[in-house]
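Opening the notebook on a new model today. I want to go from a few single residues out to the whole fold.

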Amino acid sequence: MKTLLTIASLLMSTALLLVGHGMQLTLLPLRGADNGLSASLIGVSASCYFLGFLVGCFLVPKLISRVGHIRSFAVLTALTASALLILDMVDYWGFWLVLRFLSGVTMSGLYALIESWLNTHTTEHNRGKVLAVYTFITLASMAAGQIFVNAGPVESSTPFSLAVLFMALAIVPIGLTRKIAPTPIESTSPSFRLLYQRSHSAFVGAILSGLVTGSFWSLGAVFASYYSDSLAGVSWFMMVAIGGGALFQYPIGWLSDRIDRRWILILLSLGGALTAVA
C-alpha cells in the first residue's frame, strides 16, 4: 500500500488515459465498418497501429531520456488525442493507416513511460503484486470505456469527443503531482537476443499473446457486431472480455510471486485455449 500511495497520481492518470484508449480501440473498427472499409482493411489498419507500437519502442525512449517522464506524458497524450480527433474527421483509408500508425507510436511511448516509472518503485518481492494492481487498473479502465462507447451513434462525433476528453484529463494528475518523477531513462537500443537469453518463456509468451490480443483488438468489435443489432451489445461483449482479465490480475500476480512463473504461463495458456475452443 505504501508503494501504491507513492504512485497514486501516475495510476490516476493511467486510468483516465485508458478509459479513452479503451473507447478508441472499440470505436475505430466500428467506424471503419460504418465508413465501408472491409474487414481485411480494418485488420490492416490495426496492423499499422501495432507496427507503430513496435517502432515506438525504438523512438520514444529517446524522447523520455531528453525531457523526462512528465513532459513526455503530456506530449504523447496530446498527440494521441489529436490523432483520434482527426480520425473522426476523415474517412479515407490512406489517412487511417497513417494516423493509426501514429497512434501506435504514441501509445507505445505512454506504456513504456508508465511501466518504467512503476519499475522504479518496485522490488523483486512486490513487483508481481504492484504490476497486478497496475494491470487491473489498465483493464478495468478499458472495460469502463466500453460503457461510454454508447454515448452516441458510432457515426457521430460524440463518443470520439468523449474519448479525447478522458485523454486530456489524464494529463492533470501527473501534471500536478508533487512526487519526484524518476530520473530520465537512458536511451538504449532494444536487443531481442538479450531478451530471449534473459527469459525464453517470457519472450515466446509475449509474441504469442500479442498475436492473440492483437487479433481480438483488431476485429473483436466487428465480430460482435455480426451477432448484435445494437451498439450496446457490442460494448457489452468487449467489456465482459476485458473485465474478466481485470478480475484475475491480482490473484495471478500473487501466485506469480510464489510459484514458478513458467507454470503460471502454462496454466493461463491452457485456460485461454479452452476458452477459445468453447
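**Helix α3, residue by residue**

I began with Val55, whose place is in helix α3. Helices here are DSSP runs of H or I with at least four residues, strands are runs of E with at least two, and both are numbered from the N terminus. I'm working on a predicted model, where local features need pLDDT of at least 70, side-chain atom pairs count only at pLDDT 80 or more, and totals for chains, interfaces and linings use all residues. Residues are numbered from 1 along each chain as its sequence is written, and side-chain values use heavy atoms, with hydrogens and water left out.

Is Val55 buried or exposed? I got partly exposed, at a relative accessible area of 27%. The classes are buried under 20% relative accessible area, exposed over 50%, and partly exposed in between, with a 1.4 Å probe and protein chains only. I then looked at Val55 against Val105: they are 50 residues apart in sequence, yet 6.3 Å apart in space, C-alpha to C-alpha.

Next I took Leu59, also placed in helix α3. Leu59 comes out partly exposed, with 47% relative accessible area. Its C-alpha sits 28 Å from that of Val133, with the two positions 74 residues apart in sequence.

Ser45 was my third stop in helix α3, which covers residues 39-67. Ser45 counts as buried because its relative accessibility is 3%. What does Ser45 touch, leaving out residues up to four places away in sequence? I found Leu97 and Arg100; a contact means heavy atoms within 4.5 Å.

**Aromatic rings**

I searched the whole structure and got 12 aromatic pairs. Tyr49 and Phe50 make one of them, edge-to-face, at 4.9 Å centre to centre and 75 degrees between the planes. My cut-offs: rings of Phe, Tyr and Trp (its six-membered ring) pair if their centres lie within 6.5 Å, and planes under 30 degrees apart are stacked, over 60 edge-to-face, the rest tilted. Tyr49 is buried at 3% relative accessible area, whereas Phe50 is partly exposed at 33%.

I also checked Tyr196 and Phe203: the ring centres are 5.5 Å apart and the planes stand at 80 degrees, so this pair is edge-to-face. Tyr196 is partly exposed at 37% relative accessible area, and Phe203 is partly exposed at 21%. Further along I noted one aromatic cluster, formed by Phe216, Trp217, Phe223, Tyr227 and Phe237.

**Whole protein**

How many helices and strands are there? I counted 13 helices and zero strands. The radius of gyration is 19 Å, close to the 19 Å from the globule rule for 278 residues, so the protein is as compact as a globular protein of that length. That radius is taken over C-alpha atoms, and the rule is 2.2 Å times the number of residues to the power 0.38. Along the principal axes, the C-alpha atoms fill a box of roughly 50 × 45 × 35 Å.

Buried residues make up 40% of the 278. Among contacts between residues at least 6 apart in sequence, 82% join residues at least 24 apart. I get about 14800 Å² exposed, with carbon and sulfur atoms supplying 69% of it; areas are Shrake-Rupley with a 1.4 Å probe, and for residues only the protein chains shown count as cover.

Last, charges: I have 15 positive and 10 negative side chains, and the centres of the two sets lie 16 Å apart. Lys and Arg count as positive, Asp and Glu as negative, with His and the chain ends not counted. Each charge is placed at NZ of Lys, CZ of Arg, CG of Asp or CD of Glu.
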